[in-house]
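Reader: I've got a model open and I'd like to learn how to read it feature by feature. Can you walk me through it?

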Amino acid sequence: MKHNALFERFSTRLKAQVGQDVYASWFGRLKLHSVSKSVVRLTVPTTFLKSWINNRYLDQITTIFQAEDAEILKVEILVRSASRNTKVLVASEERTLAPEPVVATSFPRSQAPREIGKIAAFPSPSASPARSAHVPGPLFGSPLDSRFTFDTFVEGPSNRVALAAAKTIAEAGASAVRFNPLFIHSGVGLGKTHLLQAIANAAVGSERMPRVVYLTAEYFMWRFATAIRDNDALTLKDSLRNIDLLIIDDMQFLQGKMIQNEFCHLLNMLLDSAKQVVVAADRAPWELESLDPRVRSRLQGGVAIEVEAPDYEMRLEMIKGRLATARQDDPSLDIPAEILSHVARNVTASGRELEGAFNQLLFRRSFEPSLSIERVDELLAHLVGAGEAKRVRIEDIQRIVARHYNVSRQELVSNRRTRVIVKPRQIAMYLSKTLTPRSFPEIGRRFGGRDHTTVLHAVRKIEELISGDTKLSHEVELLKRLINENNA
Ligand SMILES: Nc1ncnc2c1ncn2[C@@H]1O[C@H](COP(=O)(O)OP(=O)(O)OP(=O)(O)O)[C@@H](O)[C@H]1O
């Protein structure tokens, strides 16, 4: 009760400081998790929101709590899990985060892993997360989804090279240092995590590379931050010294100077001792703006492979694969071939959307046993519509930014270099990079055929300005909201 009142007072103050709009955009779904001793824990529904709040608002939030209660020393943001299965129990945290013995690291996937008993852990790879929560000792790793194997990965023109590289590493072991680090990048939902976990699943327990660590960048940050806080970083670093294979997912989320430093040391150490490193991100290494240049350059020293969107044949095979898996649980399940191909033809964006479409279909089928193509069309219209709505278009960004700054869209993409045009143009470029999966060269083309370095410069410039200028940062957040609303 007392804590709820504290949280309410905090919310009121925060709202007054950041304004109603910013508050609604970023803090509307913030919830109080617990207040124990000097630590306040808040939760948000997504890892993205967690990173965002941690990076931009944690100091402000902490100051407000401290103003309310001087005993509070620290505020932590956690991700609420949608499902019980998505939680990993981490042994060492039991000690550090008492009196709440269990801290959940979220598994940032749309689907809960069916089985998370396997964990790419060192030095005890066989320990299940649930068991290890009660066994003291170091444990390091994010959960592996047992469905993500090479067998279930559909090969096609858009991912053939990446798959071949991944298999070579999994099969040849640490001697396959021809691609080191291997860097896989793509837009969302195109199978990076599946591929990375397939490598980990194949390697864990193998003789060639028994010591595998699979981590999301967020988990890496969190684990290191905890170790540093507890003066335990040396033990952690020691335990990572002897691994054979390091796999890091969602690299774009690695943030913070100190953590990036640690990551850089680890990367140097592993690469210099010819240990294999595999990394995935939503963009190419040279586009990872928030990374320390040394990390970026080390990541660029290996092989970067892009995975593109699947074609129709691949989508069909994926959806058939889903059905085959679902039938293992319920052999009576059947979806006519023409419906499967219809879904594969219409849901085109990514493996994840296809998975969503298939799940919808299964769900509907349980109370509408014979779905007609027309009915599927209705369902797909909604699904495809939702997918489309989420895709922000560069033209919309240009239109909204131009309107906001009272310039025309033509001026935005023109050669004019007056201040009144340059700033909105740079902001529009920045938003294009942050809100769409488009590459720098592509954005350059859409802004009057500019060179990619101009876009890169604009993005860096705005990032720099935002970090020191609250007014501009609110302005950019408002623009983001307008763009997202336009797409809703
Ligand atoms: N080639 C493929 N074969 C089989 N399934 C696939 C393939 N590509 C994607 N999928 C499926 O699509 C879903 C999303 O894939 P995944 O999570 O690996 O994407 P991602 O690229 O890591 O996305 P994000 O950028 O959001 O992290 C998963 O269920 C995955 O199994």
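Author: Let's go from the whole chain to the ligand, then a helix pair, then some single residues. Keep in mind that this is a predicted model.

Reader: Fine. How many helices and strands does the secondary structure of the chain come to?

Author: Start with that tally, since the numbering of elements follows from it. Here the chain has 22 helices and ten strands. Buried residues account for 36% of its 488 residues.

Reader: And what share of the contacts with a separation of 6 or more comes from residues 24 or more positions apart?

Author: For that, you look at how far apart in sequence the contacting residues are. In this chain, 73% of the contacts with a separation of 6 or more join residues at least 24 positions apart.

Reader: Now the ligand. Which residues come nearest to it?

Author: Take the shell of residues around the ligand, then ask which elements and domains supply them. There are 19 residues in this shell, and V154, G191, K192, T193 and G351 come nearest. Helix 8 (192-203) and helix 15 are the elements that give two or more residues to it.

Reader: How does the shell around the ligand divide by class?

Author: Five residues are nonpolar, eight are polar and six are charged.

Reader: Why does the ligand lie between domain 2 and domain 3?

Author: Check who contributes. Domain 2 (129-306) and domain 3 (312-387) both give residues to the shell, so the ligand lies between them.

Reader: Next, helix packing. At what angle do the axes of helix 19 and helix 21 cross?

Author: Look at the distance between the axes along with the crossing angle. Helix 19 (residues 419-435) and helix 21 (residues 452-468) have axes that come within 8 Å and cross at roughly 95 degrees. An angle of 65 to 115 degrees counts as roughly perpendicular, so helix 19 is roughly perpendicular to helix 21.

Reader: Which residues make the contact?

Author: On helix 19 they're Q426, I427, M429, Y430 and K433, and on helix 21 they're V455, A458, V459, K461 and I462. By class, the residues of this contact divide into seven nonpolar, one polar and two charged.

Reader: On to the backbone. What's the phi of D250?

Author: A positive phi in a residue other than glycine is what to look for, and D250 has one, near 55 degrees. D250 sits in the loop between strand 8 (245-249) and helix 11 (257-272).

Reader: Is D250 buried or exposed?

Author: Count the C-beta neighbours inside 10 Å. D250 has 24 of them, so it counts as buried.

Reader: And where does A274 lie?

Author: A274 is in the loop between helix 11 and strand 9 (276-281). Its phi is positive as well, at about 60 degrees, although A274 is not a glycine. The burial count goes the other way: A274 has 10 C-beta neighbours inside 10 Å, so it counts as exposed.

Reader: How about Q255: which residues does it touch?

Author: Skip the residues up to four places away in sequence and see what's left. For Q255 that leaves S51, N55, M221 and S290. Q255 and N55 are 200 residues apart in sequence, yet their C-alpha atoms are 8.0 Å apart. Q255 is in the loop between strand 8 and helix 11, and with 15 other C-beta atoms within 10 Å it's partly exposed.

Reader: Where is E155 found?

Author: Treat it in just that way: location, burial, contacts. E155 is in the loop between helix 6 (129-132) and helix 7 (160-172). It has 15 C-beta neighbours inside 10 Å, so it counts as partly exposed. Beyond its neighbours within four places in sequence, E155 is in contact with R160 and L163. The C-alpha atoms of E155 and M318 are 9.5 Å apart, with their places 163 residues apart in sequence.

Reader: One last residue. Is S372 buried or exposed?

Author: Count neighbours again. S372 has 11 other C-beta atoms within 10 Å, and it's exposed. Its place is in the loop between helix 15 (351-365) and helix 16 (373-390). From S372 to P336, 36 residues away along the chain, the C-alpha separation is 9.8 Å.

How values were computed. Residues are numbered from 1 along each chain as its sequence is written. This is a predicted model: local features need pLDDT of at least 70, side-chain atom pairs count only at pLDDT 80 or more; totals for chains, interfaces and linings use all residues. Helices (H or I, at least four residues) and strands (E, at least two) are DSSP runs, numbered from the N terminus. A residue is buried if 20 or more other C-beta atoms lie within 10 Å of its own, exposed if 12 or fewer, and partly exposed in between; C-beta atoms are placed from the backbone. Two residues are in contact if their C-beta atoms, placed from the backbone, lie within 7 Å. Axes are lines fitted to C-alpha atoms, for helices over the stretch in contact, and angles run from 0 to 180 degrees between N-to-C directions. Angles under 35 degrees count as roughly parallel, over 145 as roughly antiparallel, 65 to 115 as roughly perpendicular and the rest as oblique. Ala, Val, Leu, Ile, Met, Phe, Trp, Tyr, Cys and Pro count as nonpolar, Asp, Glu, Lys and Arg as charged, and the others, Gly among them, as polar. A residue is near a molecule or strand if its C-beta atom, placed from the backbone, lies within 6 Å of it. Domain bounds come from an automatic or database domain assignment.
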